Amino acid sequence: MRVVIIGNGVAGITCAMTVRKHDKDASITVLSGETEYFFSRTALMYAYMDKLTRRDLEPYERSEYARQDIKLIKGWMVDCNTQTQQVVLDNGERIPYDKLVYAVGAKPNMFPWDGMDQVKEGKVHFVSMQDLEQCERLTPSTQHAVVIGGGLIGIELVECLRHHGVKVTFLVRESYYWPMALGEEEATFVTAEMRHHGVDVRLTEEMTRVEVDDNGRVKAVHTNKGNVIECQMLGIAAGVRPNIDRLKDFSQPPELGRGIVVNEYLETPQKNVYAAGDCAEIHFPGQERPTTELIWYSAKRQGAHVARNIVGQREVYKPPLFFNSSKFFEIEYTTVGAVQTLPEGSPTIYRKMPGQPISQRIAHDGTKVLGFNMLGSRWDHEVLEDWVLEARSPQYVLENLHKAQYDVEFGRAKLDNMQTTEIPLVR
Ligand SMILES: Cc1cc2nc3c(=O)[nH]c(=O)nc-3n(C[C@H](O)[C@H](O)[C@H](O)COP(=O)(O)OP(=O)(O)OC[C@H]3O[C@@H](n4cnc5c(N)ncnc54)[C@H](O)[C@@H]3O)c2cc1C
């Protein structure tokens with residue numbers, strides 16, 4: 001069996017390694033245009049801040065691929081013939097497949113801002129290795145940067161720029177930072193943390209126009225509040241979406257919606273063709289809206305799932321309970337469960353350490369917990385997940401919260417003296 005996987009991110013490489021685990025004889029080829037070797041996209045910021053080398057970003061030794069007989073090719077897939085079952089590369093080479101997996105990831109959102117078509121230099125994203133190179137190249141000639149988009153990638157880019165001594169204005173369209181994920185209370189102290197690190201955070205302020213100099217380099221950003229912010233770099237971090245634009249030009253593209261359309265087995269309607277990770281748009285029977293999961297752990301899980309289907313263990317994919325962890329500058333962040341999808345006004349128990357950026361939010365429906373937003377200390381997400389899956393009561397969770405905390409040396413905060421209130425979630 002010849003398995004060809006497009007994309008060497010966590011979905012693609014997990015798929016390759018899982019096929020190998022079950023099938024010693026399969027021919028496995030992984031193609032990627034971005035880098036030769038799999039790297040941890042979530043750790044890009046540490047490379048930008050010179051805390052990790054490029055090589056440190058690679059989760060596996062390079063020899064591991066040869067050891068597992070996984071062939072890596074650096075190049076872009078530019079077409080596909082689903083009759084002859086061949087993938088076409090940008091160098092004209094054709095690779096035949098018996099099973100084809102799209103694991104092509106996500107790309108940054110762009111909007112038709114005024115003046116953007118004039119920009120030749122100074123606009124950056126922070127998603128790919130090429131974006132990192134671009135950021136590094138422009139940093140020495142940047143005194144002031146404007147970053148737009150109040151989410152996780154935006155704050156990471158902001159932190160990297162501050163690390164290099166660049167003045168940063170962070171434009172957040174909403175009335176507080178990242179309302180999709182945080183309650184207003186947490187967002188308020190995350191914003192204070194950014195300001196403490198010298199970031200000029202501006203809420204409810206949006207870019208309306210970008211201005212360039214004679215060489216086409218970003219010169220200033222105009223905002224809806226009539227402000228003109230002089231800058232040499234414009235970071236656009238307004239979310240990501242499935243990376244399907246290139247596929248639209250294929251002679252026989254897979255079915256495309258917001259992402260690559262797959263059924264509950266992660267199969268496309270094309271024979272022997274699958275999709276996994278950020279690019280997959282999953283249509284579950286009876287579910288009104290399709291599912292896209294643009295996060296690391298889901299991409300990994302989907303990659304492994306497709307692999308098992310390929311080797312004959314065909315099962316319905318079950319999305320995991322949502323989990324994410326990150327940092328807002330120095331503030332640790334762990335989220336588990338449904339907090340991001342709960343409607344405004346949902347009941348939550350909110351615990352806050354007076355005077356410190358430490359809080360815990362426990363979302364519930366009166367009888368069982370639904371999710372957690374934990375800031376300022378480190379938590380074992382598996383324990384929190386179990387409590388949601390076991391439908392534990394809010395009372396049980398409050399009494400046992402200490403069991404989900406990591407040891408002190410890993411950032412455990414003392415839970416005594418927390419102020420506990422029942423408050424509705426504000427979005
Ligand atoms: C800065 C940043 C921080 C993040 N932080 C978090 C976090 O804290 N927690 C979390 O859960 N998630 C985080 N994410 C998201 C997470 O990184 C992604 O969900 C995950 O990497 C997706 O993996 P993937 O394998 O689906 O796709 P990708 O890692 O995007 O891999 C897809 C690969 O396919 C290649 N490709 C695309 N088209 C073609 C083609 N035609 N031919 C050849 N190759 C092609 C791409 O170039 C890319 O290399 C973060 C993302 C970014 C950018």
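Modeller: Domain bounds here come from an automatic or database domain assignment. The model is predicted.

Colleague: Which domains does the assignment give?

Modeller: The chain has domain 1 (2–107 + 241–310), domain 2 (116–238) and domain 3 (323–424).

Colleague: Why is the ligand said to lie between domain 1 and domain 2?

Modeller: Both domain 1 and domain 2 give residues to the shell around the ligand, so the ligand lies between them.

Colleague: What makes a residue part of that shell, and how many residues surround the ligand?

Modeller: The C-beta atom, placed from the backbone, has to lie within 6 Å of the ligand. By that cut-off 36 residues surround the ligand, and the closest are Gly7, Gly9, Glu34, Gly105 and Gly277. Helix 1 (10–22) and helix 7 (296–310) are among the elements that give two or more residues to the shell. The shell divides into 19 nonpolar, twelve polar and five charged residues.

Colleague: Why is the crossing of helix 1 and helix 7 called right-handed?

Modeller: A crossing is right-handed if the near helix is turned clockwise from the far one by less than a right angle. The axes of helix 1 and helix 7 cross at roughly 35° and come within 7 Å. The crossing is therefore classed as right-handed, the turn being clockwise. Val10 and Ala11 of helix 1 are among the residues that meet helix 7, whose side includes Trp296 and Ala299.

Colleague: How do you know that domain 2 touches domain 3?

Modeller: Contact requires C-beta atoms within 7 Å. 14 residues of domain 2 are in contact with 14 residues of domain 3. On the domain 2 side, helix 6 gives the largest share, six residues.

How values were computed: Residues numbered from 1 in each chain as written. Predicted model: local features only at pLDDT ≥ 70, side-chain atom pairs only at ≥ 80, totals over all residues. Helix = DSSP H or I, 4+ residues; strand = E, 2+ residues; numbered from the N terminus. Nonpolar A, V, L, I, M, F, W, Y, C, P; charged D, E, K, R; others polar. Axes fitted to C-alpha atoms, helices over the stretch in contact; angles between N-to-C directions. Contact = placed C-beta atoms within 7 Å.
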